[in-house]
Amino acid sequence: MELIKVVNAKRTLEGLAGQENIGAHLAYWMTRFVVQAQHEHDFYIAETKKLIEKYSEPKEDGGVYIPPEKVEEFNNAVDELGRTDVEAPKIKFALSELSRELKMSMKQMYQIIDFVDESK
């Protein structure tokens, strides 16, 4: 599976972590997913930082920026990183359980859709 799909799903599930109305069963599997995806997330962050270092230039205030002539190349490199094939967590969420216990936006559902089992 593409790295970016795992990273986005992890981020979405972490964003739902503060909801107190999630049943223990679903909360358990959401937590397991987040834990299992941590390695891929850390890898994505580290590699993105390397790309920023590679394509950025220092600013006078101590920050960095990507020069306009390097933006397209940088974006392509980040996209390529996101398409890296990784082993995804082997966790599927039952659509019936998600719909019973969570209110989600379409954007949130899009981020986890590859990990949803419509038949359950």
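Mentor: Start with the labels. Helices (H or I, at least four residues) and strands (E, at least two) are DSSP runs, numbered from the N terminus. Val 86, for instance, sits in the loop between α3 and β3 (93-94). This is a predicted model: local features need pLDDT of at least 70, side-chain atom pairs count only at pLDDT 80 or more, and totals for chains, interfaces and linings use all residues. Residues are numbered from 1 along each chain as its sequence is written, and side-chain values use heavy atoms, with hydrogens and water left out.

Trainee: Is Val 86 buried or exposed?

Mentor: Read the relative accessible area. Under 20% is buried, over 50% is exposed, and partly exposed lies in between (1.4 Å probe, protein chains only). Val 86 has 16% relative accessibility, so this residue counts as buried.

Trainee: Which residues does Val 86 touch, not counting residues up to four places away in sequence?

Mentor: Contact means heavy atoms within 4.5 Å. By that rule Val 86 touches Met 1, Glu 2, Leu 3, Val 6 and Glu 40. Now take a C-alpha separation. Val 86 and Val 34 are 52 residues apart along the chain, and their C-alpha atoms are separated by 15 Å.

Trainee: Where is Val 7 found?

Mentor: Val 7 belongs to helix α1 (residues 3-15). Its relative accessible area is 1%, so Val 7 is buried. Set aside neighbours within four places in sequence, and Val 7 is in contact with Glu 40, His 41 and Tyr 44. Gly 82 is 75 residues away along the chain from Val 7, yet 8.8 Å separates their C-alpha atoms.

Trainee: Now an exposed case. Where is Lys 103 found?

Mentor: Lys 103 is in the loop between α4 (95-101) and α5. Its relative accessible area is 76%, which means Lys 103 is exposed. Exposed does not rule out contacts here: Lys 103 touches Gln 19 and Gln 108, leaving out residues up to four places away in sequence. The C-alpha atoms of Lys 103 and Lys 10 are 17 Å apart, with these positions 93 residues apart along the chain. Glu 20 is another exposed residue, at 79%. Glu 20 lies in the loop between α1 and α2.

Trainee: On to helix packing. At roughly what angle do α1 and α2 cross?

Mentor: Axes are lines fitted to C-alpha atoms, for helices over the stretch in contact, and angles run from 0 to 180 degrees between N-to-C directions. The axes of α1 and α2 cross at roughly 130 degrees and come within 8 Å. Next, name the angle: under 35 degrees is roughly parallel, over 145 roughly antiparallel, 65 to 115 roughly perpendicular, and the rest oblique. α1 and α2 are therefore oblique to each other.

Trainee: Is the crossing of α1 and α2 left-handed or right-handed?

Mentor: If the near helix is turned anticlockwise from the far one by less than a right angle, the crossing is left-handed; if clockwise, right-handed. α1 passes α2 in a left-handed crossing. The α1 side of the contact includes Leu 3, Val 6, Val 7 and Lys 10. Among the α2 residues are Phe 33, Val 34, Glu 40 and His 41.

Trainee: How do the residues of that contact divide by class?

Mentor: Ala, Val, Leu, Ile, Met, Phe, Trp, Tyr, Cys and Pro count as nonpolar, Asp, Glu, Lys and Arg as charged, and the others, Gly among them, as polar. The contact of α1 with α2 has 13 nonpolar, two polar and four charged residues.

Trainee: And at what angle do α2 and α3 pack?

Mentor: α2 and helix α3 (residues 68-82) pack at about 160 degrees, their axes 10 Å apart. That makes α2 roughly antiparallel to α3. The crossing of α2 past α3 is right-handed. Phe 43, Tyr 44 and Leu 51 are among the α2 residues that meet α3, where their partners include Phe 74, Val 78 and Leu 81. By class this contact has nine nonpolar, two polar and three charged residues.

Trainee: Last, the rings. How many aromatic pairs does the structure hold?

Mentor: Rings of Phe, Tyr and Trp (its six-membered ring) pair if their centres lie within 6.5 Å; planes under 30 degrees apart are stacked, over 60 edge-to-face, the rest tilted. The structure holds four aromatic pairs. One is Tyr 28 with Trp 29, edge-to-face at 5.0 Å centre to centre and 85 degrees between the planes. Tyr 28 is partly exposed at 42%, and Trp 29 is partly exposed at 31%.

Trainee: Why is the pair of Phe 33 and Phe 115 edge-to-face?

Mentor: Because their planes are at 75 degrees; the ring centres are 4.7 Å apart. This pair links distant parts of the chain, 82 residues apart: Phe 33 is in α2 (residues 24-55), and Phe 115 is in the loop between α5 (106-112) and β4 (116-117). Phe 33 and Phe 115 are both buried. Ring pairs join Phe 33, Phe 93 and Phe 115 into a cluster.
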